[in-house]
Structure formats: structure tokens, C-alpha cells
Amino acid sequence: MGEAAVSEVMEQLPQKRDLAYTTVSTILRILEQKKVLKTRKEGRGHVYIPAITKEAYEAKTLRHMVERVFDGTPVALVKQLLSASDLSDSDLAQIKKLIEDAGRKS
């Protein structure tokens with residue numbers, strides 16, 4: 001989204017996610033504390049601005065999940081992904097190619 005106020009973030013959430021303004025505001029403040037977002041005061045509210053890219057956030061979150069949920073074992077994450085997800089043949093082919101390409105870099 002780029003920069004946005006709490007109300008603008010709420011507008012972008014799926015309709016089925018019926019979250020209170022205070023809930024969204026709290027999540028945004030937590031992300032600010034974690035240095036994922038920056039903020040500036042505007043009127044009576046705040047505008048939130050990404051401090052890192054989406055790709056950097058995904059990588060940081062995945063590293064955290066591997067450490068905390070999968071005991072630092074990426075293989076356990078992949079095993080769970082393969083067994084718990086309904087992956088198409090196309091998805092599997094893309095994953096296989098990514099693994100082959102990663103093996104070539106080593």
C-alpha cells in the first residue's frame with residue numbers, strides 16, 4: 001500500500017475480516033516497535049510507512065518461523081508444507097526447479 005492511516009489499512013482488509021479499529025491500530029503499533037513500519041503524526045492520527053520491503057519482511061518472518069516453530073530445521077518446514085498444502089502439479093514443478101537451482105548455487 002505504501003503509506004496509510006489505520007482507516008485506509010482497514011479498507012484494504014478482506015470484508016470477512018471484521019476487525020475493530022483498535023485491533024488494527026494495535027497491530028500497526030506492534031509492527032512499528034518491531035521496526036517493520038515507521039510512523040509520522042498527521043492531524044489526530046498516525047500515518048504508517050513501510051520501513052522494509054515486502055520481500056525482506058517475508059524473509060525475516062520465515063527465518064523466525066523456522067527457528068521458533070520448526071526448531072531451526074528448514075526441512076521440517078518444507079515437509080509440513082508438502083503434506084499440509086494442496087499443491088498443484090505446477091506448484092510442485094516450480095518448487096522442484098527452485099530446489100535444483102539452489103543446488104547449483106552451492
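Let's start at the hairpin: β2 and β3 are joined with two residues between them, and G43 in that turn has a positive phi of about 65°. (Strands here are DSSP runs of E, at least two residues, and helices are H or I runs of at least four, numbered from the N terminus.) Keep in mind that this is a predicted model, with local features needing pLDDT of at least 70 and side-chain atom pairs counting only at pLDDT 80 or more, while totals for chains, interfaces and linings use all residues. Numbering runs from 1 along each chain as its sequence is written, and side-chain values use heavy atoms, leaving out hydrogens and water.

Strands β2 (residues 37-42) and β3 (residues 45-50) pair antiparallel over six bridges; pairing takes at least two DSSP bridges. β1 and β3 are also antiparallel, over two bridges. That gives an open, antiparallel sheet of three strands in the order β1-β3-β2. β1 (4-5) and β2 are the edge strands with a single partner each, so one side of each has no neighbour in the sheet.

Y48 is a good residue to follow: in β3, Y48 stands opposite T39 and also opposite A4. Y48 and A4 both belong to the largest nonpolar core, along with V6, V9, V24, L28 and L37. Such a core is a set of buried Ala, Val, Leu, Ile, Met, Phe, Trp, Tyr and Cys residues joined through side-chain atoms within 4.5 Å, where buried means under 20% relative accessible area (1.4 Å probe, protein chains only). Beyond its neighbours within four places in sequence, L28 is in contact (heavy atoms within 4.5 Å) with V6, V9, L37 and Y48.

Notes:
Buried means under 20% relative accessible area, exposed over 50%, partly exposed in between (1.4 Å probe, protein chains only).
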